[in-house]
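Let's walk through this model together, one question at a time. Keep the picture open while you read.

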Amino acid sequence: MAELERPERLQIMLTADELAALENWRFERRMPSRSAAVRELLRRGLHADGFLTAAQGAKSQDFGVLPNSGIVDGPSRD
């Protein structure tokens with residue numbers, strides 16, 4: 001079996017309204033998945049607190065939370 005790029009799993013509970021807000025935000029920004037949207041919101045929250053900067057991309061795998069996670073933090077901005 002192949003090793004997962006993101007072996008850690010985080011389960012969260014949401015109300016119907018919270019899920020609707022997440023889905024609306026995700027679709028408005030053409031995010032590829034719920035997971036990518038949650039990771040991007042987490043990144044943005046950390047950035048707002050002065051922790052790190054956020055980047056957008058097209059693939060779920062491009063959305064890492066920490067820069068040293070071994071996963072690309074988004075597509076190249078070149």
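Q: How much surface does the chain expose, and what share of it do carbon and sulfur atoms supply?
A: This is a predicted model, and its areas are computed from the atoms. The chain exposes about 6,200 Å². Of that surface, the share supplied by carbon and sulfur atoms is 54%.

Q: What pLDDT does the chain average, and over which residues is the pLDDT below 50?
A: The chain averages a pLDDT of 74, and 59% of the residues score at least 70. One stretch has a pLDDT below 50, although it has 19 contacts in the model beyond near neighbours in sequence. That stretch is residues 70-78.

Q: How many helices and how many strands does the chain have?
A: Helix 1 covers 16-28 and helix 2 covers 34-48. For the chain, the count is two helices and zero strands.

Q: What distance separates the end C-alpha atoms of helix 1?
A: Helix 1 has 13 residues, so at 1.5 Å a residue it should span 18 Å. The model agrees with this expected span, as the end C-alpha atoms of helix 1 are apart by 18 Å.

Q: Which residues of helix 1 are buried, and how wide an arc do they cover?
A: The buried residues of helix 1 are Leu22, Glu23, Trp25 and Arg26. They lie on the same side of helix 1, because the arc they cover around the axis is only 165°. The face turned away from this buried side carries the exposed residues Ala16, Asp17, Phe27 and Glu28. So the arc of the buried residues is 165°.

Q: Is arginine 26 buried or exposed?
A: Arginine 26 is found in helix 1. Leaving aside neighbours within four places in sequence, arginine 26 is in contact with Met31, Pro32, Ser33, Arg34 and Ala37. The cut-off for buried is under 20% relative accessible area. Because its relative accessibility is 13%, arginine 26 counts as buried.

Q: Which helix do the buried residues of helix 2 pack against?
A: In helix 2, the buried residues are Ala36, Ala37, Arg39, Glu40 and Arg43. Their arc around the axis is only 165°, so they sit on the same side of helix 2. These buried residues pack against helix 1.

Q: Which residues make up the largest nonpolar core?
A: This core has five residues. Helix 1 and helix 2 each supply at least two of them. One of the five, tryptophan 25, touches Met31, Ala37, Glu40, Leu41 and Arg44, not counting residues up to four places away in sequence. The members of the core are Leu22, Trp25, Met31, Ala36 and Ala37.

Q: Is arginine 30 buried or exposed?
A: Arginine 30 is found in the loop between helix 1 and helix 2. The cut-off for exposed is over 50% relative accessible area. Because its relative accessible area is 75%, arginine 30 is exposed.

Q: What is the phi of arginine 30?
A: Most residues other than glycine have a negative phi. Arginine 30 is not a glycine, and yet its phi is positive. Its value is about 55°.

Q: Which glycine just after helix 2 takes a positive phi?
A: Helix 2 has 15 residues and reaches 21 Å from its first C-alpha to its last. Just after helix 2, a positive phi of about 85° is taken by glycine 50.

Note on methods: Residues numbered from 1 in each chain as written. Predicted model: local features only at pLDDT ≥ 70, side-chain atom pairs only at ≥ 80, totals over all residues. Heavy atoms only, no water. Core = buried A, V, L, I, M, F, W, Y, C linked by side-chain atoms within 4.5 Å. Buried < 20%, exposed > 50% of the residue type's maximum accessible area, 1.4 Å probe, protein only. Helix = DSSP H or I, 4+ residues; strand = E, 2+ residues; numbered from the N terminus. Contact = heavy atoms within 4.5 Å. Expected span 1.5 Å × (residues − 1). Arc of directions from axis to C-beta. Areas by Shrake-Rupley, 256 points an atom, 1.4 Å probe, with all protein chains shown as cover. pLDDT = per-residue confidence, 0-100.
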